[in-house]
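User: I'd like a close look at one part of this model, the charged side chains and how they pair up. Could you walk me through it in one go?

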Amino acid sequence: MSESKFYRISPGGKPAALSGLTAYGSAAEALAAVPDGGFGAKQPDSGFAWLHYSQPEKEDLLKLMEPLGLHPLSIEDCFDDNQVPKMEDYHRNTFILFNAFACTDGRLSVDEIDLFIGEDYLVTVCGAAPGAGRPLEGIEQVVEREIEKARQGPAFLMHVILDHIVDRKFAAIESIEDELDEMEESMMAGITRFHPAGLVRRRRDLMALRKSVFHEREILTRICRRDCPFIPEKALFPYRDIYDHLAKFFEVIETCRELGTSLMEIYLSLQNNRMTRAAQQTNATVRRLTLITTVFMPLTFLAGIFGMSEWTMMTGQDNWRIAYPVFLVATVLLALANYYLLARLGKRHDEE
């Protein structure tokens, strides 16, 4: 359900009642409140319109094609959730696609935010793609707190909105960074209690963050180069601050990606060591069982042939008191000889 809101922002020097956000019921009313707003030459000190669309229908944006000159391809991009951040210049406006990050309950969400900036208007669109969230929920309160800056023009209002988005990016990136530190501590505490599924998910999230921030940094580079004709020179300094933040975030994301890769390598190494120890224990057990079997095999053979009545028949019934102790001593000596021979063979093998 669409929750779009439309405002007129008056410039400085106006009465207090008109110097903030003035809400209107429709986009046409907000544009009409700006003399020739969106339709012709802007009158001096007439303010500008801010059209904030939240979860709009496609028809809502198509209605702006004629008055504001929105390009149909840009409108299509607003409803496509597979786009990367970009900036496209048109005759009457510049289209900017940005991403907002949020990390809630350990899950990262990336939502698209679309902005159309013109000479006397700013159009913001969020939640247009299927299943999108509300990354700009409560943005009106943010703008009201920064109204002195926002009423200087659409470029300054866009900076307030982008600065809010970038601040939320920092919170999401910091949350992932803290989670990676916790994973490292958990891994070092005990490999058996560590689950690599969370690490794999975070590595995938970091790839998405890197892709987004990389393109957003390029957008800010173009803005600071004055590639956008609707952002005046006096508004460039705040945008440079956003560029510095994005450059820092990019480095933090790269560091986190390297940490995630190192943690995965450590996990695999610890697992290999654990499996090697288990294999060594199995080999030692098999070796002991083999030794016991080898020692008792000839004894079993002797007992099978000369045991019971056979030995008595060979030595005579009258000599059983001496014959059986001799047989037992012979088996013990044979066992010791086998053990000594196997021990020497094993020692020679270890030396080689």
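User: To start, which residue forms a salt bridge with Glu140, and how far apart are the closest N and O atoms?

Analyst: Bear in mind that this is a predicted model. The partner of Glu140 is Lys5, and the closest N and O atoms of that salt bridge sit 4.0 Å apart. The two come from distant parts of the chain: Glu140 belongs to helix α5 (residues 139-145) and Lys5 to strand β1 (residues 5-9), with their positions 135 residues apart. Their surroundings are not alike either. Glu140 is buried because its relative accessible area is 9%, under the 20% cut-off. Lys5, at 40%, is partly exposed.

That pair is part of a longer list, as a search of the whole structure turns up 15 salt bridges. As background, side chains with opposite charges can pair when their charged atoms come close.

Next up is Glu216, which forms a salt bridge with Lys169, the closest N and O atoms being 2.8 Å apart. This one also links distant parts of the chain: Glu216 is in helix α8 (residues 196-224) and Lys169 is in helix α7 (residues 154-189), 47 residues apart. As for burial, Glu216 has a relative accessible area of 0% and is buried. Lys169 counts as buried too, with 0% relative accessibility.

Then there's Arg151, whose salt bridge with Glu148 has its closest N and O atoms 2.6 Å apart. Arg151 has a relative accessibility of 14%, so it counts as buried.

Not everything comes as a simple couple. Asp89, Arg222, Arg225 and Asp227 are linked in a network of salt bridges.

Now back to helix α7, for charges of another kind. Glu182 lies in that helix and is exposed, with a relative accessible area of 54%. Glu182 is one of the residues in a patch of negative charge on the surface, where it gathers with Glu174, Glu177, Asp178, Asp181, Glu184 and Glu185. The members of such a patch have no salt bridge, so Glu182 is without the kind of partner that Lys169 has in Glu216.

One last stop, away from charge: the search for aromatic pairs finds 5 of them. Phe170 and Phe249 make a stacked one, 5.8 Å centre to centre with 25° between the planes. Phe170 is in helix α7 and Phe249 in helix α9 (residues 236-306), so this pair, too, links distant parts of the chain, 79 residues apart. Phe170 is partly exposed at 36% relative accessible area, whereas Phe249 counts as buried at 3%.

Methods:
Residues numbered from 1 in each chain as written. Predicted model: local features only at pLDDT ≥ 70, side-chain atom pairs only at ≥ 80, totals over all residues. Heavy atoms only, no water. Salt bridge = Lys/Arg side-chain N within 4 Å of Asp/Glu carboxyl O. Helix = DSSP H or I, 4+ residues; strand = E, 2+ residues; numbered from the N terminus. Buried < 20%, exposed > 50% of the residue type's maximum accessible area, 1.4 Å probe, protein only. Patch = residues over 30% accessible without salt bridge, like charges linked within 9 Å, V, L, I, M, F, W, Y side chains within 5 Å. Areas by Shrake-Rupley, 256 points an atom, 1.4 Å probe, with all protein chains shown as cover. Lys, Arg positive; Asp, Glu negative; His and termini not counted. Charge placed at Lys NZ, Arg CZ, Asp CG, Glu CD. Phe/Tyr/Trp six-rings, centres within 6.5 Å; stacked < 30°, edge-to-face > 60°.
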